[in-house]
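These are my notebook entries on one protein chain. I looked up one topic at a time and wrote down what I found.

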Amino acid sequence: MDEIAPAPGRPWRLGPRATRLFDVALASALVLASFPMSVLATGQNAWALGLSLLQTIPLYWRRSRPVTVFVAVAGASVLQAGTYDLPVWGQVAFPVALYSLARFGSATAGRIGLLVGLCGAAVASWVWTSAQFAAYPPGLDYIDYDMGLRDLSPYFFLITAIVLAAWALGSQARIRRAYEANLVAQGRQLAAEAEQRAVLAAAEERTRIAREMHDVVAHGLSVVIVQADGARYAAQKDPQVAVQTLGTVASVGRDALTEMRRLLGLLRGTEDPALAPQPRLEDIPSLVTADDRVDLHVPDPMPQVPDGVALTAYRLVQESLTNVRKHAGPQARATVRLAAGADGLDVEVVDDGRGGANDGTGGLGLLGMRERVEVHDGTLEVGPAPGGGWAVRARIPT
């Protein structure tokens, strides 16, 4: 079933097995035809038959060794020109060998073969025309006629046309096959690059989702822990405050669970992201609960910034407040400021707690904040604040 190798949108081609059979059949047909053709054209001439066989037998290897085959055929043709002054059947091998040289060899080899063929056309024309004049009976009036270009031109132009046609067809086939191979290689390269981009995009998306998951879990659990501790202490003195605090715990837990489900839906591919819009600047006040000691200074109304900038600012404030609850101490206060400039958004979160303990080493929160800001070519400064505490300052170009 490998005789024909079809391809979508491309011509049908012979497969490897059919190609070998075709080459053997072509060479065998030319070789076997040498026997009857030598008898019909030249009579019982063993030398003419030998010359034909010398020129046709090498064609069995014309595809695998085009240069060697052409040299052998051209050498046999030269031998014929020097020893036999009449055409022989084996000369049909020369255009086949020249085609094979131009088709399966290099472009330089094809041009050299063309030059050899043109020289052979001139030599063959001279030899055959001279033989014709030499064969005329003696004593005729035209015996003194001088042979010129007018006598040579019919042979020369005919042989030259055959040589040019064989070379042109072989060169065109080689160029076309090289063009197709180049297209196939480019297609494979584009497919490989697309696959690599898909892998990188998937890795980047996993990193983003992991960062989102960290922010959601860290912020939600920190709020739940703080509120639960407050409710436990308040229950002894004011049960009503404990009830309100537990309501806040439940609300924060539900929000964190909803966003975590959204992220897991993205991982599973079962949830439409459009059904769960990403946080915006207007959602930043929701990060501050009733029991947080946080002063919030945001523009009113909120500035219009790209969605990516808004999400980055939201996550910066979220992670910073999470760190305040974890590291700054129970009595620490924090200030959150947002300011929109002509060319960027300024985000600042400063607390007055135990800044020395909030160095961010060993965690992913500060690393995630820095990566988010660098995506937008922004700047992030994180470190101890003057007078104590911890400061997070970022400028995100818009």
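Entry 1. Terms and overall make-up.
Before naming any element, I note that helices and strands are DSSP runs, numbered from the N terminus, with at least four residues for a helix and at least two for a strand. I also note that the model is predicted. By this count I find nine helices and seven strands in the chain. I looked up burial next: 36% of the 398 residues count as buried. The exposed surface of the chain comes to about 22,900 Å², and carbon and sulfur atoms supply 63% of it. For contacts with a separation of 6 or more, I find that 68% are between residues 24 or more positions apart.

Entry 2. A residue in the first helix listed.
I looked up S34, which is found in helix α1, residues 16–42. Is S34 buried or exposed? The cut-off for buried is under 20% relative accessible area. S34 has 0% relative accessibility, so it counts as buried. Setting aside residues up to four places away in sequence, I find S34 touching L49, S52, L53, T56 and W89. I also looked up S34 and G90: they are 56 residues apart in sequence, yet their C-alpha atoms lie 6.7 Å apart in space.

Entry 3. Helix pairs.
I turned to helix α2 (residues 46–56) and helix α3 (residues 66–83), whose axes come within 8 Å and cross at roughly 160°. Angles over 145 degrees count as roughly antiparallel. The two helices α2 and α3 are therefore roughly antiparallel to each other. The crossing of α2 past α3 is left-handed. Which residues meet here? From α2 I list W47, L51, L54 and Q55, and from α3 I list V73, A76, S77, L79, Q80 and T83.

I then followed α3 to helix α4 (residues 93–104): the axes of α3 and α4 come within 9 Å and cross at roughly 155°. The pair α3 and α4 is therefore roughly antiparallel, and its crossing is left-handed. On the α3 side I find P66, V67, V69, F70, V73, A74 and S77, which meet A93, F94, A97, L98, S100, L101 and F104 of α4.

Entry 4. Nonpolar cores.
I recall a general tendency: in soluble globular proteins, nonpolar side chains tend to be buried together. The largest nonpolar core in this chain has 30 residues, and those with the most contacts inside it are L281, L316, V317, L321, V336, L338 and V347. Two or more residues each come from α8 (307–328), β4 (334–340), β5 (344–351), α9 (365–375) and β7 (390–397). Which element gives the most to this core? It is α8, with nine residues. I looked up V347 in particular: leaving aside neighbours within four places in sequence, V347 is in contact with A313, L316, V317, R337, L338, V392, R393 and A394. A second, separate core has 22 residues, including V96, A109, L114 and V127.

Entry 5. Two residues compared with the cut-offs.
I looked up L311, which is found in helix α8. At 11% relative accessibility, L311 counts as buried. Not counting residues up to four places away in sequence, L311 touches E212, Q278, P279 and R372. The C-alpha atoms of L311 and I284 are separated by 9.8 Å, with their positions 27 residues apart along the chain.

I then looked up A340, which is found in strand β4. A340 has a relative accessible area of 47%, so it is partly exposed. With residues up to four places away left out, A340 touches P303 and L345. A340 and I396 are 56 residues apart along the chain, and their C-alpha atoms are separated by 9.7 Å.

Entry 6. Backbone details.
I recall that most residues other than glycine have a negative phi, and that most peptide bonds are trans. I therefore noted two places against this general rule. A cis peptide bond joins D300 and P301, with omega of about 5°. P301 is found in the loop between β3 (294–297) and α8. What is the phi of D377? The phi of D377 is near 60°, a positive value in a residue other than glycine. D377 is found in the loop between α9 and β6 (379–384). At 66% relative accessibility, D377 counts as exposed.

Terms used. Residues numbered from 1 in each chain as written. Predicted model: local features only at pLDDT ≥ 70, side-chain atom pairs only at ≥ 80, totals over all residues. Heavy atoms only, no water. Buried < 20%, exposed > 50% of the residue type's maximum accessible area, 1.4 Å probe, protein only. Contact = heavy atoms within 4.5 Å. Areas by Shrake-Rupley, 256 points an atom, 1.4 Å probe, with all protein chains shown as cover. Core = buried A, V, L, I, M, F, W, Y, C linked by side-chain atoms within 4.5 Å. Axes fitted to C-alpha atoms, helices over the stretch in contact; angles between N-to-C directions. Parallel < 35°, antiparallel > 145°, perpendicular 65-115°, else oblique. Left-handed = near helix turned anticlockwise from the far one by under 90°.
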